[in-house]
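Open the model in your viewer and keep the selection box at hand. The stops below can be visited in order.

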Amino acid sequence: MTRSQGAIHFDTVRKEYGDHVAVDDLTLTIEPGEFFTVLGPSGSGKTTTLMMLAGFTEPTSGAIRVDGVDIAHVPSDKRNIGVVFQDYALFPHMSVRDNLAFPLDMRKESRAVIAERVDRALTLVDMTAAADRLPDQLSGGQKQRIAVARAIVFDPAFLLMDEPLGALDRKLRQRLQVELRQLQQALKVTMVYVTHDQEEAMSMSDRVALMNHGRIEQMGTPRELYEQPRSAFVADFLGTNNMLAVRPEAPGRLSVENGGLLALDDGRIMPADASVAAVRPERIALTDVTAAPPAGFSHCTGKVTHRLYLGSHTMYTVHSETLGPVRVQMQHDDGEHPYRTGETVGMIWRTRDVNVFGSTAER
Amino acid sequence: MTRSQGAIHFDTVRKEYGDHVAVDDLTLTIEPGEFFTVLGPSGSGKTTTLMMLAGFTEPTSGAIRVDGVDIAHVPSDKRNIGVVFQDYALFPHMSVRDNLAFPLDMRKESRAVIAERVDRALTLVDMTAAADRLPDQLSGGQKQRIAVARAIVFDPAFLLMDEPLGALDRKLRQRLQVELRQLQQALKVTMVYVTHDQEEAMSMSDRVALMNHGRIEQMGTPRELYEQPRSAFVADFLGTNNMLAVRPEAPGRLSVENGGLLALDDGRIMPADASVAAVRPERIALTDVTAAPPAGFSHCTGKVTHRLYLGSHTMYTVHSETLGPVRVQMQHDDGEHPYRTGETVGMIWRTRDVNVFGSTAER
Amino acid sequence: GGDDAGEKGSITYAGFGGTYEEAVKAALFDPYSKDTGVKVLYDSSGSDVAKLVQMSKSGSMNLDLIDAEDSSLAQFMAADILQPIDTKGLEGFADPSAVTGYSVPWYTFSRNLFWNKDEVPGGVDSWADLFDTKGIPGKRGMVGLPWGILEGALIADGVPVDQLYPLDLDRAFRKLDTIRGNTVFFPSNGDLQNAISQGEIALGYGNLARIKSIAASGAVPLDYTWDGAVLSVQQLVIPKGAPDQPDAFEAIKYSLKPEVQKAIMDKLGYTPSLKSVLDGLDAKARADLPGTEETASDETFRIDVDWWAKNGADVLKRWQDWQNR
Amino acid sequence: MVVALVFVLPVAILCLRSVTEPTFGLENFTRLLGHSGYRDSIVRTILISAASTLLALVFGYPIAYQMVHGGKWLRTFLTVAIMAPYLTSILLRSFSWLVILGRQGPVNKLLAQVGLEPVAMVFTPIAVVVSLSHYLLPLMILPLAATMRSLGDSRTRAATSLGAGPAQAFVRVYLPLTKPGIQAGSVLCFVYGIGAFVIPALLGGSQGSMLGTLIHSAIKQSGDYGLASAAALVLGALVLAIVLGFQRLTGMSTTELAGRSGTVATRSPRTGRRGGRGLKLAGRAAGALDRLGVTRSRRLPKILAATLGALVLAPQFIVVPISFASTKALVFPPVGYSTQWYAEFFTASWLDPLAVSLRIAFFVTIIAGVLGTLAAMGVVRGTAHRWGALTSTLMMLPLLFPTVVAAAGFYVEFERLGLVDTELGIVLAHVTLALPFVFSVVSAGLRSLSPVYERAASSLGASRAVQLRRIVLPLIAPSIATASLFAFLTSFDESTVAIFLSGVHVKTLPKRIFEALSLETNPTVAVISVFVMACAAVVWLGYVLFRRLTQIWRSNP
Ligand SMILES: Nc1ncnc2c1ncn2[C@@H]1O[C@H](COP(=O)(O)OP(=O)(O)OP(=O)(O)O)[C@@H](O)[C@H]1O
Ligand SMILES: Nc1ncnc2c1ncn2[C@@H]1O[C@H](COP(=O)(O)OP(=O)(O)OP(=O)(O)O)[C@@H](O)[C@H]1O
Ligand SMILES: NCCCCNCCCN
Ligand SMILES: [Mg+2]
Ligand SMILES: [Mg+2]
């Protein structure tokens with residue numbers, strides 16, 4: 001099942017609600033077959049973006065093009081886009097089978113074709129047994145699968161999903177994430193996926209656009225966003241980070257609020273208004289105090305003030321005189337760390353793992 | 001602010017809805033000052049348990065005692081329990097201040113006392129500035145803080161919270177988890193906390209009761225549940241686990257479905273009906289194929305079939321001929337692992353990190 | 001009602017409310033109260049025969065005086081709820097036959113055949129015309145009560161006026177069958193009046209005061225005839241159990257004062273019941289008043305109250321059934 | 001409970017009379033059911049009521065749709081349009097229809113203009129159906145709009161994204177989802193329609209007469225309580241059968257009928273296989289429309305609804321010129337103009353009844369408001385479920401029983417108690433009529449109020465009484481306000497009971513209007529309608545202004 005499909009291009013698309021700018025001159029391109037995720041805090045414009053693509057909301061200005069063709073005047077029932085809504089929006093008065101047959105019926109497929117494709121889609125989401133139930137007789141996860149099946153059964157060029165897993169519990173969500181991703185790859189369909197869950201975005205996407213206040217803060221692979229955040233907002237929003245208020249001191253050197261100094265790796269260009277430095281907890285290792293740092297590493301001592309056992313790892317809070325409180329994440333490779341609360345420990349990290357930004361995080 | 005408070009004791013408490021047993025002969029004791037979490041999948045009876053304690057639902061049989069006194073006939077407005085509801089249940093027609101004053105008003109406190117204690121509570125949750133707003137004018141996180149403030153302002157003996165952070169985004173949720181935990185410790189109040197989020201349960205609780213189908217599957221510290229799960233359900237529900245279908249082969253040895261053998265550490269007593277073995281992804285390390293296992297370790301080779309970049313760590317899926325697919329979690333201590341998809345790698349783990357259970361996981 | 005029988009008591013009069021009540025008040029009760037000191041309270045259920053009968057039967061009669069036309073009087077008599085009245089001192093009625101032992105006539109009015117001149121250019125001059133749906137098409141309109149209509153049907157069918165009673169009901173209803181589909185029976189005079197004013201009714205049978213009022217309003221060109229007019233004598237009666245019967249009787253006597261009779265005629269356009277007053281009118285006035293020789297025709301008749309009192313209940317039932325046929 | 005008795009007792013006594021008058025036995029029933037005319041009348045009653053219900057649905061649906069989905073102004077306009085008729089006496093409204101549908105009326109003039117023969121509508125079932133459906137419209141729209149409001153737009157959007165054009169999405173998805181609203185509205189309308197008597201009496205002629213008319217005339221003209229009671233029982237049985245059948249079919253209780261809340265939509269409707277096929281066929285037709293492109297316009301449905309709204313409102317405006325008539329006749333257009341009726345309105349003859357009606361309506365509002373609210377709280381929030389079910393059925397009884405019958409019952413019973421011709425009597429009777437509205441509206445409000453607030457209050461130390469006073473009451477205040485408005489209007493506009501129960505001392509405005517219409521054809525009745533509408537407009541404008549001002553005041557304190 002391969003599909004001929006085009007690139008989606010947003011060209012300075014803007015949406016205003018009265019005074020409020022929900023989406024602010026958005027420009028981006030989504031490649032064919034890509035799993036593209038729009039991530040961002042509540043109210044950042046994710047749903048609005050998706051709804052403009054689906055044709056349920058009209059942009060205030062700008063154009064959305066598919067394969068170069070402006071789709072402004074294509075009504076949503078002609079856009080050939082499969083949408084999975086946050087609340088699934090299954091038709092409660094139709095059986096699972098009728099829900100799936102609906103889009104094919106709209107396309108005047110023959111009865112035989114409909115039966116065959118509905119069955120295929122049901123098999124794909126492993127729901128053949130529930131074909132004759134009404135949506136109310138399904139569990140949350142099952143509903144989700146039917147919603148996905150209905151969105152793909154008519155071979156749409158694109159799939160749009162608006163936080164489809166938001167309501168589910170963690171365990172189920174993780175399983176469905178894997179299923180969705182596999183499905184998308186099997187179908188080679190372009191997926192535009194909206195979520196506010198960073199972990200979900202990271203685990204599923206080819207590329208992520210991180211939105212904030214209607215703008216894209218950064219767009220790239222999950223790894224790019226995580227490893228090379230371009231702003232303090234991005235650094236803080238994805239994963240956990242130690243955010244330190246700093247001032248430039250000398251080339252390659254920042255002074256930290258509490259009085260300490262922070263070294264950067266050689267040749268790192270620092271923004272002139274550098275004000276925030278970030279080091280990820282997992283990039284810091286706890287050592288015995290005596291250990292001296294090798295080249296390319298920084299080092300500092302502090303007292304363990306808090307240990308948070310988190311199953312696969314522990315999150316330590318270490319209070320350093322020079323840096324203030326620093327979180328350090330250590331995986332439980334063998335179930336035990338020797339460090340206790342109150343103990344004085346050394347911390348060591350690579351200078352290249354320090355990121356510097358020009359403005360403070362917004363939240 | 002220390003409180004004299006008693007232990008809460010559930011004595012074979014049962015709740016039936018028609019045929020359906022929502023809570024099945026629950027017996028447990030919650031110690032004074034403890035942060036006690038009830039964790040479990042949807043429909044497992046968490047809310048029912050909490051509501052019986054709060055007095056909104058009557059047990060079908062059994063008794064709930066506080067300091068040895070049966071509270072069956074104490075109406076809920078006399079139980080002196082602060083409840084934070086899942087959707088906060090702030091009174092929409094009262095200002096923040098009036099919401100907080102309500103429980104004090106009910107206790108006929110003088111106007112001066114009310115003003116003083118409301119102010120203190122507002123300061124505690126850092127919401128003094130919003131005192132005169134209506135609940136509708138608050139953001140989700142602010143509502144949550146007011147709900148907590150209202151539940152503590154009258155010095156209740158216990159605090160009950162039903163998934164109070166369920167609706168918030170991850171970032172905000174993590175911040176509030178820390179705040180809630182600190183608050184509980186500062187007030188030294190007994191907290192009974194309901195959630196279906198395992199991470200939340202682990203990061204906040206002194207003890208966790210993991211419920212399933214109205215029964216407690218296991219109760220203990222987060223570490224106990226994570227490290228010494230007593231059933232496959234527990235092992236699977238908390239964190240990620242490699243669950244392998246096995247059969248006992250010889251003392252200390254299990255045969256795996258795919259044909260391989262799994263060694264247990266010396267002296268481990270294995271259930272006679274042993275059918276599932278579990279090894280945590282973070283307890284397995286990837287090595288070069290050549291490496292031979294030291295004593296007390298097991299070893300096996302396989303091919304990397306999938307790499308999932310997750311920011312602070314990568315989740316590898318390694319396909320082993322003998323064990324089938326195995327997930328391995330490796331933290332990004334320095335940002336890079338040498339293992340690529342398609343590559344043949346070695347896996348090494350401690351035999352003591354293998355857990356064995358008598359029955360299959362339920363989901 | 002009037003609790004203390006005596007000079008300073010009060011009586012309750014049941015009339016028809018609205019402007020009619022205002023006229024009666026001005027013509028009769030205001031001077032009466034002024035002269036006797038008896039206060040008058042007004043009730044408007046004069047035509048709610050069922051309610052009044054119910055009231056009397058349950059022993060809770062709080063009315064002293066009821067304003068009743070022939071048909072109501074017949075029903076009251078049939079239900080036996082009226083106080084006998086000694087009419088010995090009361091003489092000189094234009095139509096002595098109207099006097100029963102239970103009522104005193106105080107004016108005469110009529111229901112006439114009418115037509116809309118736009119719809120019925122040729123006019124109407126007999127009951128036969130009303131039943132001639134071929135010759136005169138168009139909707140007939142009347143109030144849905146059988147009094148007068150049954151008699152009219154028989155006249156149209158050829159029964160001489162002096163042989164109307166006892167009514168041949170089978171023949172009357174058979175004749176009525178012929179116009180059922182072309183006739184609208186309204187719940188009240190007002191409803192009939194509205195429909196006529198709006199031009200929905202081509203011809204019919206109705207209260208003369210109403211017909212004149214429509215014609216005067218200019219809404220539709222309406223005309224009427226004295227041929228086949230049904231005279232109805234309006235009577236004052238005292239119900240059994242009335243709280244203040246002496247004062248009520250005084251009021252009845254007061255209504256026969258010539259100046260009161262004149263005032264009623266001026267205010268409502270109805271014919272005084274006393275011959276002396278009637279005779280005092282000039283010919284021009286008498287030419288358009290019910291019950292005068294000038295307006296009498298060979299089809300003019302009066303409802304036979306005694307016959308209706310005896311048979312009214314059964315006829316009503318049959319009328320009800322017929323209307324729903 | 002006590003109030004339920006006030007209603008149940010008279011009705012029960014009346015039922016008794018159906019077998020005892022004039023003599024003991026089933027004579028009245030055999031007369032009623034054995035007579036082909038009466039049987040026809042029963043059938044006609046059902047047909048007319050069904051047709052009116054259908055028409056109300058056809059008009060009401062687009063209006064309800066725009067009341068929920070339309071812009072703010074359209075929503076406001078439509079709300080006003082369907083509420084305004086409530087402010088004009090039904091007698092006068094019937095006259096308006098006589099004018100509109102008359103031989104010289106605007107409808108026939110329009111037909112003549114396009115070269116068609118005039119159609120006789122007045123004194124045929126057509127006029128009854130048209131004006132009855134106009135009268136029933138709010139009863140159709142309220143439950144419909146409630147259902148639509150709870151629906152949200154995600155499913156229609158889903159249908160569109162799956163390739164359904166607007167018309168097809170509507171037919172295949174939206175329409176079936178509003179089925180509970182359609183059912184609730186239809187049953188309400190049908191039940192009310194069956195008991196109608198003023199409209200068929202004034203507009204129906206002999207071909208359009210209904211059972212309600214028969215009952216009315218049997219009592220009013222001949223005092224034939226036996227026949228009337230028998231007919232009322234037949235009517236009551238019909239209504240009950242329909243309501244029970246409806247409950248069987250949909251699992252909805254009578255309580256839910258009038259005060260439909262959002263819960264309808266959440267219940268899964270059962271799909272009939274045949275219904276599904278029909279929908280598919282209709283869907284095909286709709287699909288064809290979609291391809292033609294006629295359904296793409298966003299404005300068309302709005303224009304349609306606005307037009308329908310204007311049509312609903314139009315009959316109101318006939319009273320305005322009439323109120324300025326120069327002669328004492330209800331004619332449209334008036335022969336000449338004057339302000340004399342305005343002068344007459346400000347005399348004791350009208351102001352006294354106005355004061356009486358206001359006073360009675362005020363007390364009815366208070367009593368029915370308090371009792372209805374308490375009953376709703378008891379039933380919705382109480383623990384005794386069996387009592388709850390019984391109470392709600394009793395509460396809805398007056399809604400399902402013809403008012404004429406009740407009025408006669410009240411008269412018979414109250415006479416014994418000396419309550420006839422007292423304000424207290426009318427107040428009591430009106431309370432029983434207003435109670436179902438209050439009960440159902442407040443119940444709906446309560447049902448949609450999450451119990452979590454009461455639980456929160458309880459956990460904070462509030463006793464049950466304090467919870468009700470400080471939490472529940474303020475939170476359902478909007479429902480109580482709506483319910484009170486209904487109660488007020490029910491009493492203020494009520495004529496049937498008032499006519500039976502008023503006498504020398506008490507005369508309500510509707511009774512005075514009735515006198516004016518049936519004995520005088522007095523245009524002052526039009527003045528009242530204009531006056532009441534003007535008052536409502538002033539109150540509404542004042543409210544809007546107040547909202548605006550407080551908004552401005554809030555934003556710049
Ligand atoms: N119909 C509307 N009228 C006015 N403002 C709106 C409307 N719809 C959305 N907004 C505003 O536009 C902004 C973006 O909304 P949007 O729904 O796209 O956010 P989102 O990123 O999807 O948030 P969430 O994660 O909470 O769903 C928000 O501030 C919202 O309040
Ligand atoms: N009022 C009720 N009537 C019938 N069954 C009920 C009722 N309330 C709860 N149940 C059932 O009891 C079981 C336990 O419900 P409970 O609300 O305690 O679950 P929970 O663990 O809180 O789930 P969740 O995480 O979804 O909130 C569920 O199967 C539920 O369907
Ligand atoms: N215009 C008032 C006419 C009143 C005449 N009496 C009519 C009696 C009705 N039953
Ligand atoms: Mg959104
Ligand atoms: Mg729960």
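Which polar backbone atom is 2.9 Å from an oxygen atom of ligand 1? Select A:G45: the backbone atom belongs to this residue.

Before going further, some ground rules. This is a predicted model, in which local features need pLDDT of at least 70 and side-chain atom pairs count only at pLDDT 80 or more, while totals for chains, interfaces and linings use all residues. Residues are numbered from 1 along each chain as its sequence is written, chains are lettered from A and ligands numbered from 1 in the order in which they are written, and side-chain values use heavy atoms, with hydrogens and water left out.

**Stop 1: ligand 1**

Stay with ligand 1 and show its surroundings: 13 residues (each with a heavy atom within 4 Å of the ligand) surround it. The closest are A:S42, A:G43, A:K46, A:T47 and A:T48. Now show the side chains of two of them. An N or O atom in the side chain of A:K46 is 2.7 Å from an oxygen atom of the ligand, and for the side chain of A:T47 the distance is 2.6 Å. Each is a polar contact, that is, a pair of N or O atoms within 3.5 Å; within protein, one must be able to donate a hydrogen and the other to accept it, and residues adjacent in sequence count only if both atoms are side-chain atoms.

**Stop 2: A:A89**

In chain A, select A:A89, which has a positive phi of about 50° although it is not a glycine. A:A89 sits in the loop between β6 (81-84) and α2 (96-106) of chain A. Helices (H or I, at least four residues) and strands (E, at least two) are DSSP runs, numbered from the N terminus.

**Stop 3: ligand 2**

Move to ligand 2, where the residues around the ligand include B:Y17, B:H20, B:P41 and B:E163. A polar side-chain atom of B:K46 lies 2.7 Å from an oxygen atom of ligand 2. For the side chains of B:T47 and B:T48, the distances from an N or O atom to a ligand oxygen are 2.6 Å and 2.5 Å.

**Stop 4: where chain C meets chain D**

Colour chains C and D separately. The contact (heavy atoms within 4.5 Å) takes 53 residues from chain C and 59 residues from chain D. About 4500 Å² is buried between them, 47% of it given by carbon and sulfur atoms; buried area is the accessible area (1.4 Å probe) that two parts lose on being put together, summed over both. Select C:Q198, C:E200 and C:N324, which supply 15% of the area that chain C buries against chain D, more than any other three residues.

How many salt bridges does the rule find across this interface? There is one, the rule being a side-chain nitrogen of Lys or Arg within 4 Å of a carboxyl oxygen of Asp or Glu. To see it, select D:R103 and C:E119, whose closest N and O atoms are 2.3 Å apart. Twelve residue pairs are in polar contact across the interface. Within chain C, α7 gives the most to the side that touches chain D, with seven residues.

**Stop 5: two cis peptide bonds**

Select C:Y165 and C:P166, joined by a cis peptide bond with omega about -10°. C:P166 is in the loop between α5 (149-156) and α6 (169-177) of chain C. In chain D, a cis peptide bond joins D:F332 and D:P333, with omega about -5°. D:P333 is in the loop between α18 (319-323) and α19 (340-345).
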